[in-house]
Every structure is written in structure tokens, then in C-alpha cells.
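Work through the exercises below with the model open. Each task comes with a worked solution.

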Amino acid sequence: MSEFLNKVSELVEKDGLNKRDRRRQIIYKKCYLQHKLRESGMTYKDIGKLFNQHHASVIHNIRTHADLSTYYNAVYSNEISEYVSELTGIKVEFPKRNLVKDALNASSMYHLHLIKKRMKENKYDIDATFLE
């Protein structure tokens, strides 16, 4: 368990999960890691110390993990895929997205920022053509 705890501690430090942050990707990663730590037998109080949170916040995040994995599985799985592959050793790979389709369906600046983020993360097919 100490090797697992060391990996989790490295991830927490690397992504700043022990600081206050309301961004979705940070919250999802906290929920996943706290769920895994609880599964491994850690107490809520010890998990809270690692993430600089109160034990009640840890309980809430673990329940949120259960809800997200049930109802919003596609988005949630995408956000935590890096951590799943890091902790389990299983490479999680999602199908490439269509850049043209996403750009045409973008209806707000938020969607354009998502496209930009996905481009940086190499989530679009390289062979995508702009002429259709």
C-alpha cells in the first residue's frame, strides 16, 4: 500500500489537488483518487489530511465519484483516464474526435476553448481534412 500511497501523493502534488480549486477536471481527479484511497482502507480523516480537506468533504467526494461514474460516465472517464492508467497500468485510449464536426457544432466561446484544449491534448484525428 505504501507504493500506491506514494503514487497518489505524487499525483496530488503534481496537479495541486491539495489546494482549493473549483475546476471540473480538478474536482473529478480528487473524487477518483479519494475513492481509490478509501477502497484501499484509508480513513476519511487521513485522506482529508492528504488533500487538505475536512473529512466531510472527502465523504462528499467519494459519493460524487459514485454518481459521476453512474450518470456521467463518458465525461468523467475522459477526465480521470490519466490517473486510471497511472494507478492501474492499463492504458485508456478514447477514440479520436472530429475537429470539423466539433468546430461546426460549437455554439459558444466555452465550446471553442474545449476544442483548443482537445487540440493541445491531441484528441483529434491527425488525418482530419478541412475539405468535406
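**Exercise 1. Classify Pro-95 as buried or exposed, and place it in the fold.**

Solution. Start with the accessible area. Pro-95 has a relative accessible area of 70%. Now apply the cut-offs: buried means under 20% relative accessible area, exposed over 50%, and partly exposed in between, with a 1.4 Å probe and protein chains only. Pro-95 is therefore exposed. Next, locate the residue. Pro-95 sits in the loop between helix H5 (73-88) and helix H6 (99-105). Helices here are DSSP runs of H or I with at least four residues, strands are runs of E with at least two, and both are numbered from the N terminus. Last, take a distance. From Pro-95 to Ile-47, C-alpha to C-alpha, is 34 Å, with their places 48 residues apart in sequence.

A note on the model. It is predicted, so local features need pLDDT of at least 70 and side-chain atom pairs count only at pLDDT 80 or more, while totals for chains, interfaces and linings use all residues. Residues are numbered from 1 along each chain as its sequence is written, and side-chain values use heavy atoms, with hydrogens and water left out.

**Exercise 2. Describe the overall fold: how many helices and how many strands does the protein have?**

Solution. Count the elements. The protein has seven helices and zero strands. From the N terminus the order reads α-α-α-α-α-α-α. Then take the extents. The C-alpha trace spans about 55 × 30 × 25 Å along its principal axes. Finish with burial. Of the 132 residues, 30% count as buried.

**Exercise 3. Is Cys-31 buried or exposed, and which residues does it touch?**

Solution. Find the residue first. Cys-31 belongs to helix H2. Its relative accessible area is 0%, so Cys-31 is buried. Now list partners, using contact as heavy atoms within 4.5 Å. Set aside neighbours within four places in sequence. Cys-31 then contacts Asn-61, Thr-64, His-65 and Tyr-76. Compare a residue elsewhere in the chain. Ala-103 is 72 residues from Cys-31 in sequence and 31 Å away, C-alpha to C-alpha.

Extend this to the whole chain. Take contacts between residues at least 6 apart in sequence. Of these, 58% join residues at least 24 apart.

**Exercise 4. Which elements give two or more residues to the lining of the second largest pocket?**

Solution. Fix the term. On a 1 Å grid over the protein atoms alone, a pocket is an open set of points where a 1.4 Å probe fits, with protein on both sides within 12 Å along at least five of seven lines; lining residues have an atom within 4 Å of a point. Count the lining next. The second largest pocket is lined by 15 residues, and Asp-21, Lys-30, Gln-53, Ser-57 and Asn-61 lie nearest its centre. The elements asked for are helix H2 (24-39) and helix H4 (55-71). H4 gives the most, with four residues.

**Exercise 5. Inspect two loop residues, Asn-52 and Gly-41: where does each lie?**

Solution. Take Asn-52. It lies in the loop between H3 and H4. Its phi is near 60°, a positive value in a residue other than glycine. Its relative accessible area is 63%, so Asn-52 is exposed.

Turn to Gly-41. This residue lies in the loop between H2 and helix H3 (44-51). With a relative accessible area of 57%, Gly-41 is exposed. Check one distance. The C-alpha atoms of Gly-41 and His-55 are separated by 14 Å, and the two are 14 residues apart along the chain.
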